[in-house]
Amino acid sequence: PAVVCAQSARPKFEFQPNDRVVLLGSTIIEREQKFGQLETALTLAAGDKTISVRNHGWSGDTVFGHARSYFGPPQEGIERLTKHLEMLKPTVLIACYGSDLAFEGLNKLPDFISGYRSLLDLVRSQSPKVRIVIVAPPPFENLGAPLPDMTKANGKQADLRDALKEFAAKQNAVFVDSFELMGGT
């Protein structure tokens with residue numbers, strides 16, 4: 001079965017036999033290792049097609065490889081990722097980055113998009129026929145006082161989602177709006 005995405009103008013995504021799916025992103029992807037719900041959903045969506053899923057999310061990471069570099073420069077993180085991509089040779093990349101922008105400020109959005117483009121170029125240099133799925137980060141939860149009100153951050157998250165949707169279209173990538181799917185407005 002095809003993964004259903006709202007909006008008919010988007011590229012359609014369907015698993016192929018023996019797809020090698022690599023998950024990239026920050027904490028939201030990395031923590032998926034603990035629960036396995038996304039991998040289970042992807043496996044079920046593949047139907048009778050055999051796929052493998054490798055989670056290469058890294059808590060606190062950015063499209064620039066900041067956290068992935070341990071305590072070195074971001075380039076070290078990108079070099080580490082390049083080696084992993086050389087080994088894995090993904091046929092499908094599912095990427096979710098950007099929730100940090102709600103706190104750092106959307107004035108960094110152009111640099112973020114440029115960095116995301118470079119990251120996708122890196123992935124394509126290792127796997128030229130890779131199919132890409134870009135996932136918008138989900139909304140932040142408002143858990144009530146005394147915890148912070150996340151309304152403003154979610155407004156920025158909505159702006160990020162809109163920018164990622166446009167970026168995905170330019171990259172001929174499938175876009176998944178987890179912000180809206182998980183209750184963001």
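Which residues are linked with Lys 12 in a network of salt bridges? The network joins Lys 12, Glu 14 and Lys 49. Please note at the outset that the model on the screen is a predicted one.

**Stop 1: the network**

Select Lys 12, Glu 14 and Lys 49, the members of this network. Then display the side chains of Lys 12 and Glu 14, which form a salt bridge with 3.7 Å between the closest N and O atoms. Lys 12 has a relative accessibility of 65%, so Lys 12 counts as exposed. Glu 14 has a relative accessibility of 30% and therefore counts as partly exposed.

**Stop 2: a buried pair**

Next, select Asp 61 and Arg 68. Their side chains meet in a salt bridge, with an N to O distance of 3.0 Å. Are these two residues, Asp 61 and Arg 68, buried or exposed? Both Asp 61 and Arg 68 are buried. The salt bridges of the structure number 10, and the pair of Asp 61 and Arg 68 is one that the viewer can show at this stop.

**Stop 3: a salt bridge within helix α4**

Now select residues 74-88, which make up helix α4. Within this helix, display Glu 76 and Arg 80, whose side chains meet in a salt bridge at 3.7 Å, N to O. The two residues are four residues apart in α4, about one turn of the helix. An α-helix has 3.6 residues a turn, so residues three or four places apart point the same way. Glu 76, at 29% relative accessibility, counts as partly exposed because this value lies between the cut-offs of 20% and 50%.

**Stop 4: the two sides of α4**

Keep α4 selected and view the helix from the side. Its 15 residues reach 21 Å from the first C-alpha to the last, close to the 21 Å expected at 1.5 Å a residue. Which residues of α4 are buried? They are Gly 77, Ile 78, Leu 81, Thr 82, His 84, Leu 85 and Leu 88. Turn the view to look down the axis of α4: the buried residues fall within an arc of 165 degrees, so they line one face of the helix. On the other side of α4, select Lys 83 and Met 87, which are exposed.

**Stop 5: the neighbours of α4**

Add β1 (19-25), β2 (51-55) and α6 (109-126) to the selection; the buried residues of α4 pack against these three elements. Finally, select Lys 89, which follows α4 and has a positive phi, near 45 degrees.

Definitions and conventions:
Residues are numbered from 1 along each chain as its sequence is written. This is a predicted model: local features need pLDDT of at least 70, side-chain atom pairs count only at pLDDT 80 or more; totals for chains, interfaces and linings use all residues. Side-chain values use heavy atoms; hydrogens and water are left out. A salt bridge is a side-chain nitrogen of Lys or Arg within 4 Å of a carboxyl oxygen of Asp or Glu. Buried means under 20% relative accessible area, exposed over 50%, partly exposed in between (1.4 Å probe, protein chains only). The expected span of a helix is 1.5 Å times one less than its number of residues. The arc is that of the directions from the helix axis to the C-beta atoms. Contact means heavy atoms within 4.5 Å.
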